[in-house]
Amino acid sequence: MTLDKRRLVGAASLLTALAVVAVAVGLFRGDFTKTVPVTVLSQRAGLVMNPDAKVKLHGAHVGSVKSIESLPDGRAALHLAMDPAYMDIIPANVTVDIASTTVFGSKFVDLVPPADPVAEPLRAGQVLGAEHVSVEINTVFEQLSSVLNKIEPTKLNETLGALATATDGHGEQIGQMLTDFDEFLDKIDPSLPAMEHEIAVAPQVFSAYADAAPDLVTTVAASTRMSQLLVDEQQHLDALLISVIGLADTGSDVVGTNRAAITDLMRLLVPTTDLTNQYHPALTCGIGGAVELAKAPGTPMPGGVLLQTVVLGQERYRYPQNLPKVAATGGPQCTDLPKVPFQKRPPFVITDVNANPAQYGNDGILLNSDALKQALYGPIDGPPRNTAQTGHPG
């Protein structure tokens, strides 16, 4: 084999080895795997959040962090590369926590399904919000260092010495205090939701009190004046109370002496009040009609107005069928009162309270010939002769 062929074979072998390494690295990084982009917005990404960090669902690896972007408002945008095979089982309303396995461990994105997941799955390009980012020990140390830098060692030593002196020999009491405090927290734990609600609505309550503060101050001032008035008029108030006591004693004597009579009176009034209660609609509309009549225009001259007319004669009184009786039924009737419409004739109510004026069919003028004869000729012997009085037997 010549030297040129050996060089070509060596170069080809080197290129093949580099290609194998590149393909292995790409396979390891997932460059050749199809992914679905999803973005997570968080207040911060965490000190140990790096690209290629895992995305987990119930502990299973469902994607990775492709890149981390710092936004102008201080937040962090985590661009995720999700495995498309798991997209259908992740609900669209999934929540995101940035957690870590240990205090010093690296971060990962934890997808937490909600209690009531929606039917729609997670889609490509969807933006999720991170609800919780675990605190790293690095952050705690950094904040502790900033606090210690502002504290003078001498004063800190004096404070710690004073605390040590104060707690020396009181370990049992401190332990009992912690135990009591733990029991206290157990008792108030069920009330925390109500307390949280009260704290949430407290600003509205305080605003309402602030709006009503002038009226409250005015009320307090008026109460002060009333109290002073009662103090100034206490003699008259005592006299009033004594008079009220005497009046109460007198009333007690009157009622006690006449309680039997008052009881009988109340019992006798029951039928009347029941009847009044039954006919109160008719009484109400009757009084309403009288009010309308009272509001009508007055007469052109002082005095009363009397309307007279001539009506057809009626049958003469007969005993005993014409005796008055109380047999009307039907209950209370208003007959269009209290306001009768214009040109409206109220209905004629027929009740069983007297004789029927049309029982003989005499609708015209009746001529009492017997009375006329007696007026002309005096008394006539024998039965009355009513030949011209048709339908009116003697």
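Two strands pair if DSSP finds at least two bridges between them. The exercises below apply this criterion and others to a predicted model.

**Exercise 1. The hairpin of E3 and E4**

Determine in which sense strands E3 and E4 pair, and describe the turn between them.

Solution. Step 1: strand E3 covers residues 60-70, and strand E4 covers residues 76-82. Step 2: the two strands are joined by 7 bridges in the antiparallel sense, and 7 bridges satisfy the requirement of at least two. Step 3: a position in this pairing is given by Gly63, which stands opposite Met82 in E4. Step 4: E3 and E4 form a hairpin with 5 residues between them. In that turn, Gly74 has a positive phi of about 95°.

**Exercise 2. The other partner of E4**

Identify how E4 is joined to strand E1, and state whether E4 is mostly covered or uncovered.

Solution. Step 1: E1 (residues 36-42) and E4 run antiparallel and are joined by 7 bridges. Within this pairing, His79 in E4 faces Thr39. Step 2: E4 is thus placed in bridges with E1 and in bridges with E3. Step 3: burial requires under 20% relative accessible area. In E4, 6 of the 7 residues are buried, and the strand is mostly covered.

**Exercise 3. The turn between E2 and E3**

Describe the hairpin formed by E2 and E3, and classify His58 as buried or exposed.

Solution. Step 1: E2 and E3 run antiparallel, with 4 bridges between them. Leu57 has Ala60 as its bridge partner in E3. Step 2: the hairpin has 2 residues between its strands. His58 lies in this loop between E2 and E3. Step 3: the phi of His58 is near 55°, a positive value in a residue other than glycine. Step 4: the relative accessibility of His58 is 69%, and exposure requires over 50%, so His58 counts as exposed.

**Exercise 4. Strand E6 and its partners**

Establish in which sense E6 pairs with E2 and in which sense E6 pairs with E5.

Solution. Step 1: E2 and E6 are parallel and share 3 bridges. Val55 stands opposite Val109 in E6, and Leu57 has Leu111 as its bridge partner in E6. Step 2: E5 and E6 run antiparallel and are joined by 6 bridges. Here Val96 stands opposite Leu111 in E6. Step 3: Leu111 therefore serves as a bridge partner of Leu57 and also stands opposite Val96.

**Exercise 5. The nonpolar core**

Name the residues with the most contacts inside the largest nonpolar core, and find which strand supplies the largest share.

Solution. Step 1: the largest nonpolar core contains 22 residues, and those with the most contacts inside it are Val55, Leu80, Met82, Val109 and Leu111. Step 2: at least two residues of this core come from each of E1, E2 (54-57), E3, E4, E5 (95-100), E6 (107-112) and E7 (127-133). Step 3: E4 provides the largest share, 4 residues. Step 4: the bridge pairs can be set beside this core. Val55 and Val109, both among the residues with the most contacts, stand opposite each other.

**Exercise 6. The bend in helix H5**

Find where H5 bends, and compare the distance between its end C-alpha atoms with the span of a straight helix.

Solution. Step 1: H5 (residues 192-232) has 41 residues, and a straight helix at 1.5 Å a residue would reach 60 Å. Step 2: the end C-alpha atoms of H5 are only 50 Å apart, short of that span. Step 3: a bend of about 50° occurs at Ala213, and the proline Pro214 follows within four residues.

**Exercise 7. The loop between H8 and H9**

Locate the cis peptide bond, and classify Gln343 and Val340 by their accessibility.

Solution. Step 1: the cis peptide bond joins Leu337 and Pro338, with omega of about 5°. Pro338 lies in the loop between H8 (280-294) and H9 (369-377). Step 2: Gln343 is also placed in the loop between H8 and H9, and its phi is near 55°, a positive value in a residue other than glycine. With a relative accessible area of 71%, Gln343 is exposed. Step 3: Val340 lies in the loop between H8 and H9, and at 35% relative accessibility Val340 counts as partly exposed. Step 4: the C-alpha atoms of Val340 and Glu292 are separated by 9.8 Å, although these residues are 48 residues apart along the chain.

Terms used: Residues numbered from 1 in each chain as written. Predicted model: local features only at pLDDT ≥ 70, side-chain atom pairs only at ≥ 80, totals over all residues. Heavy atoms only, no water. Expected span 1.5 Å × (residues − 1). Bend = angle between axes of the 7 residues up to and from the residue. Buried < 20%, exposed > 50% of the residue type's maximum accessible area, 1.4 Å probe, protein only. Core = buried A, V, L, I, M, F, W, Y, C linked by side-chain atoms within 4.5 Å.
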